[in-house]
Amino acid sequence: VVLRTDDPLARRDTLHLRDLADRRWFQLPEGTDSLWRAYWNGTRSNGTRSNGTVPTDGLRDGPVVRTVHECLQAVLWNGTIGLSPLAHALPDGLTSIPLADMPPSHLVVAWNSTNANPLVHSFAHLAAATYRSAP
């Protein structure tokens, strides 16, 4: 979870969803896949409903964001929280704390193997190299 460094929870080694039940989370735009939205808002993990301490509809209170930059700004300016990959670099003033009760989100890159476009193959190789070397 991404928090401001001055947040009292930012000093912990790990967090649980119940620690964040009363917080405002940044929201993905309407029309975003409901399972994707629920995962990134900590309201459902791998299709399993939560224990009732957080909403199960994938919706929380908070500002709508469309880019990673907007997500980070929502945390910095409003004290909103949200999820981010652990390997994602954060600006000064923000920190990320692992959620102990959230399964990892796996990156999957798929493409038509008959497509000879070198940009497609280059992207796939860069993505694989980047995430293999992530801590």
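Mentor: A salt bridge, as the term is used here, is a side-chain nitrogen of Lys or Arg within 4 Å of a carboxyl oxygen of Asp or Glu. Please keep in mind that this is a predicted model, and that a search of the whole structure finds three salt bridges.

Trainee: What makes the meeting of the Arg4 and Asp6 side chains a salt bridge?

Mentor: The N to O distance between the side chains of Arg4 and Asp6 is 2.9 Å, and the cut-off is 4 Å, so the pair meets the definition. As for their surroundings, Arg4 is partly exposed, with a relative accessible area of 28%, whereas Asp6 is exposed at 51%.

Trainee: Why is Asp6 called exposed, and why is Arg4 called partly exposed?

Mentor: Exposed means over 50% relative accessible area and buried means under 20%, with partly exposed in between; the 51% of Asp6 therefore places Asp6 in the exposed class, while the 28% of Arg4 places Arg4 in the class between the two limits.

Trainee: What parts of the chain does the salt bridge of Arg23 and Asp7 tie together?

Mentor: The side chains of Arg23 and Asp7 meet at 2.6 Å, N to O. Both Arg23 and Asp7 lie in the loop between E1 and H1, so the pair ties together parts that are 16 residues apart in sequence. Arg23 counts as partly exposed at 22% relative accessibility, and Asp7, at 10%, counts as buried.

Trainee: How do you know that Arg12 and Asp19 form a salt bridge?

Mentor: The closest N and O atoms of Arg12 and Asp19 are 3.1 Å apart, which is within the 4 Å that the definition asks for, and so the pair qualifies. Arg12 itself is partly exposed, with a relative accessible area of 40%.

Trainee: Turning to the rings, why is the aromatic pair of Trp36 and Trp40 called tilted?

Mentor: The structure holds two aromatic pairs. In the pair of Trp36 and Trp40 the rings are 5.7 Å centre to centre, with 55 degrees between the planes; stacked needs planes under 30 degrees apart and edge-to-face needs over 60, so an angle of 55 degrees falls to the remaining class, tilted. Trp36 and Trp40 are four residues apart in helix H1, residues 34-40, and are thus separated by about one helical turn. Trp36 counts as partly exposed at 46% relative accessibility, but Trp40 is buried at 16%.

Trainee: And what makes the pair of Tyr39 and Trp40 edge-to-face?

Mentor: The angle between the planes of Tyr39 and Trp40 is 80 degrees, and over 60 counts as edge-to-face, so the name follows. Their centres are 5.2 Å apart, and both Tyr39 and Trp40 are buried. Ring pairs link Trp36, Tyr39 and Trp40 into a cluster.

Trainee: How do you know whether Ser84 is buried or exposed?

Mentor: Ser84 has 17% relative accessibility, and the limit for buried is under 20%, so Ser84 counts as buried. Ser84 lies in the loop between helix H2 (68-78) and strand E4 (94-96), where, leaving aside its neighbours within four places in sequence, Ser84 is in contact with Val2 and Trp40.

Trainee: Which residues does Leu83 touch, beyond those up to four places away in sequence?

Mentor: Leu83 touches Val1, Val2, Trp25, Phe26, Tyr39, Trp40, Gly42, Leu99 and Met102. In the largest nonpolar core, which has 16 residues, Leu83 is one of those that touch the most other members, alongside Val1, Leu3, Leu15, Leu20 and Leu99. Another core, of eight residues, lies apart from it, and among its members are Phe26, Cys71, Leu72 and Ala74.

Trainee: What do the buried residues of H2 pack against?

Mentor: They pack against strand E1 (2-4) and E4; the buried residues in H2 are Cys71, Leu72, Gln73, Ala74 and Val75. Just after H2, Gly79 takes a positive phi of about 70 degrees.

Trainee: What makes Val109 eligible for a nonpolar surface patch?

Mentor: Patch residues need over 30% relative accessible area and no salt bridge, and Val109, being partly exposed at 31%, therefore passes the area limit. Val109 lies in the loop between E4 and helix H3 (118-132), and the patch of about 290 Å² is made by Val109, Trp111 and Phe123.

Definitions and conventions
Residues are numbered from 1 along each chain as its sequence is written. Side-chain values use heavy atoms; hydrogens and water are left out. A nonpolar core is a set of buried Ala, Val, Leu, Ile, Met, Phe, Trp, Tyr and Cys residues joined through side-chain atoms within 4.5 Å. Buried means under 20% relative accessible area, exposed over 50%, partly exposed in between (1.4 Å probe, protein chains only). Contact means heavy atoms within 4.5 Å. Helices (H or I, at least four residues) and strands (E, at least two) are DSSP runs, numbered from the N terminus. Patches are made of residues with over 30% relative accessible area and no salt bridge: like charges are joined within 9 Å, nonpolar side chains (Val, Leu, Ile, Met, Phe, Trp, Tyr) within 5 Å. Accessible areas come from the Shrake-Rupley method with a 1.4 Å probe; for residues, only the protein chains shown count as cover. Rings of Phe, Tyr and Trp (its six-membered ring) pair if their centres lie within 6.5 Å; planes under 30 degrees apart count as stacked, over 60 as edge-to-face and the rest as tilted.
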